[in-house]
Amino acid sequence: MEYKKKRNVKNKNIKMIIFDYNKDKKKDFLMEYNSSEFLIETEVPSSEVIISRTDLNGNITFVNEIFTTISGYTEEEMIGKPHNILRHPDMPKVVFEEMWETLRKTQRWEGIVKNKRKDDGFYWVNAMILGVFKDGELVEYKSVRLPINDKQKAESQKRFDKLRKETNDTTRTIIYK
Ligand SMILES: Cc1cc2nc3c(=O)[nH]c(=O)nc-3n(C[C@H](O)[C@H](O)[C@H](O)COP(=O)(O)O)c2cc1C
């Protein structure tokens, strides 16, 4: 069973899709949670760019308006909080370990991330993180995120599921229709 829903958030048309994980009964589902809200995707409109800035420890210092719309949090709820409030349980820990290692070395990282909304739904982005320099000194990080297509989402979900398995992280399998 697959549903497609649309809802209006601040006059913006955001497509919501509910996926049926249990379609493939042969798979073993070892779920850390079973809230149906985890099935609801918010699609980032192709015309939008999600922007945030963090201090050097990953605490949020700035968010743009579309970020609040897509994540479901208000600006006040996000400023000062660690960026991991958006961490989706499908994201392997090793992805972020590698992200921080790369950021410390090169002040630059790019990759696909699945994020969790305040309402436990999710959204996919391609994130580019860059160091912000003042008088030659690294002071912050900024992140600019763009939407990805369905093929990239399906491939990334598979890659993340595999990575979590290989690293004994939480296990869950999702099948995109
Ligand atoms: C600029 C910047 C943006 C980030 N954006 C996200 C994000 O959108 N989602 C996310 O889960 N982690 C993001 N992170 C990584 C988090 O800081 C954190 O490492 C990650 O959520 C994993 O949580 P953990 O380190 O507590 O395990 C970002 C980090 C930086 C520096």
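Helices (H or I, at least four residues) and strands (E, at least two) are DSSP runs, numbered from the N terminus. The structure is a predicted model, in which local features need pLDDT of at least 70, side-chain atom pairs count only at pLDDT 80 or more, and totals for chains, interfaces and linings use all residues. Residues are numbered from 1 along each chain as its sequence is written.

**Exercise 1.** Determine how many helices and strands the protein has, and in which order they run.

*Solution.* Step 1: the secondary structure comes to 4 helices and 8 strands. Step 2: from the N terminus on, the order is β-β-β-β-β-α-α-α-β-β-β-α.

**Exercise 2.** Describe the shell around the ligand.

*Solution.* Step 1: a residue is near the ligand if its C-beta atom, placed from the backbone, lies within 6 Å of it. Step 2: there are 15 residues around the ligand, and Gly58, His83, Asn84, Arg87 and Tyr141 come nearest. Step 3: at least two shell residues come from each of strand S4 (50–54), helix H3 (93–106), strand S6 (108–116) and strand S8 (137–146). Step 4: sorted by type, the shell holds 6 nonpolar, 7 polar and 2 charged residues. Here Ala, Val, Leu, Ile, Met, Phe, Trp, Tyr, Cys and Pro count as nonpolar, Asp, Glu, Lys and Arg as charged, and the others, Gly among them, as polar.

**Exercise 3.** Identify the largest nonpolar core and the elements that give two or more residues to this core.

*Solution.* Step 1: a residue is buried if 20 or more other C-beta atoms, placed from the backbone, lie within 10 Å of its own. A nonpolar core is a set of buried Ala, Val, Leu, Ile, Met, Phe, Trp, Tyr and Cys residues joined through C-beta atoms within 7 Å. Step 2: the largest such core has 11 residues, including Val44, Phe67, Met91, Trp124 and Phe160. Step 3: helix H1 (65–71) and strand S7 (122–134) are the elements that give two or more residues to this core. Step 4: S7 gives the most, with 4 residues.

**Exercise 4.** Explain how S7 pairs with S6 and with S8.

*Solution.* Step 1: two strands pair if DSSP finds at least two bridges between them. Step 2: S6 and S7 are antiparallel over 9 bridges, and Ile112 has Asn126 in S7 as its bridge partner. Their hairpin has 5 residues between the strands, with Asp120 at a positive phi near 75 degrees. Step 3: S7 and S8 are antiparallel over 9 bridges, and Phe133 has Leu138 in S8 as its bridge partner. This hairpin has 2 residues between the strands, and Asp135 takes a positive phi near 50 degrees.

Terms used. A residue is buried if 20 or more other C-beta atoms lie within 10 Å of its own, exposed if 12 or fewer, and partly exposed in between; C-beta atoms are placed from the backbone.
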